[in-house]
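Please read this report with the model open beside it. It moves from the strands to the pocket, then to the side-chain contacts.

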Amino acid sequence: MDVFQHINHARMVTLLEEARIPWLLTPDRPTAELGQGAVVVEMKVRYRGQLRHSDGPLQVDMWVERLRSADWTIGYEVRPHGAENGVPAAVTASIQLAAFDIDTQRLRRLTTGERAFLAQFLHTVK
């Protein structure tokens, strides 16, 4: 918690990452190889309400907003623990990621398996 008595920006970005990693990089998932090379292209975080540590554990909803040949965008909504349906998100975010080949230092296309896994979560309007 910061001096304003809410979860600060750096911690919120870390929480978004902590939600994303097990979703994408669990060893039995087709996207596990992205752990060997993926980069953040762009991130937008919008604070619509205050979250305090006492609101945790936080509820983080994620989906794929856009899916292209080498990159995808994840949408997020963060609410206090136990928030009822219809409660507006305190934080909304989107993060564009791209598959990256560490050896060549270039973007790479998503594999068929990676695309199929991500496509399961594709929602254009949330």
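Two strands pair if DSSP finds at least two bridges between them. Helices (H or I, at least four residues) and strands (E, at least two) are DSSP runs, numbered from the N terminus. This is a predicted model, in which local features need pLDDT of at least 70 and side-chain atom pairs count only at pLDDT 80 or more, while totals for chains, interfaces and linings use all residues. Residues are numbered from 1 along each chain as its sequence is written, and side-chain values use heavy atoms, with hydrogens and water left out.

**Overall layout**

The protein chain has two helices and five strands. Along the sequence they follow the pattern α-β-β-β-β-β-α. The C-alpha trace spans about 45 × 30 × 25 Å along its principal axes. Of the 126 residues, 34% count as buried. Buried means under 20% relative accessible area, exposed means over 50%, and partly exposed lies in between (1.4 Å probe, protein chains only).

**Strand β4 and its partners**

Start with β4, residues 91-101. Ten of its eleven residues are buried. Which strands does β4 pair with? Strand β1 (residues 38-47) is one partner, antiparallel over nine bridges. Here A38 has A99 of β4 as its bridge partner. Strand β3 (residues 71-79) is another, joined to β4 by eight bridges and also antiparallel. In β4, S94 stands opposite G75. Strand β5 (residues 106-107) runs antiparallel to β4 too, with two bridges. One of the bridge pairs is D101 with R106 in β5. The hairpin of β4 and β5 has four residues between the strands. Within this hairpin, Q105 takes a positive phi near 60 degrees.

In a regular strand the side chains alternate between the two faces of the sheet.

**The largest pocket**

Next, the open space. A pocket is found on a 1 Å grid over the protein atoms alone: it is an open set of points where a 1.4 Å probe fits, with protein on both sides within 12 Å along at least five of seven lines, and its lining residues have an atom within 4 Å of a point. Volume is the space filled by probe spheres set on the points, which are joined across faces, edges and corners.

The largest pocket has a volume of about 180 Å³. Helix α1 (9-25) gives the largest share of its lining, five residues. Both α1 and β1 supply at least two residues each. The lining includes E17, R20, W72 and L97. A38, the bridge partner of A99, is also among the lining residues. What is the lining made of, by class? It has nine nonpolar, one polar and two charged residues. Ala, Val, Leu, Ile, Met, Phe, Trp, Tyr, Cys and Pro count as nonpolar, Asp, Glu, Lys and Arg as charged, and the others, Gly among them, as polar.

**Aromatic contacts**

Rings of Phe, Tyr and Trp (its six-membered ring) pair if their centres lie within 6.5 Å; planes under 30 degrees apart count as stacked, over 60 as edge-to-face and the rest as tilted. The structure holds two aromatic pairs. In one of them, W23 and F121 have ring centres 5.1 Å apart and planes at 80 degrees, so the pair is edge-to-face. W23 lies in helix α1 and F121 in the segment after α2 (112-119), so the pair ties together parts that are 98 residues apart in sequence. W23 is buried at 11% relative accessible area, whereas F121 is partly exposed at 26%. W23, F117 and F121 form one aromatic cluster.

**Salt bridges**

A salt bridge is a side-chain nitrogen of Lys or Arg within 4 Å of a carboxyl oxygen of Asp or Glu. The whole structure has six. The table lists some of them.

| Acidic residue | Basic residue | N to O distance |
|---|---|---|
| D61 | R79 | 3.3 Å |
| D71 | R66 | 3.8 Å |
| E114 | R108 | 2.8 Å |

The D61 and R79 pair links distant parts of the chain, 18 residues apart: D61 sits in strand β2 (residues 59-67) and R79 in strand β3. D61 is partly exposed at 26% relative accessibility, while R79 is buried at 12%. Both belong to a salt-bridge network with E77.

How covered are the other residues in the table? D71 is buried at 9% relative accessibility. Its partner R66 is partly exposed at 36%. E114 is buried, at 1% relative accessibility.
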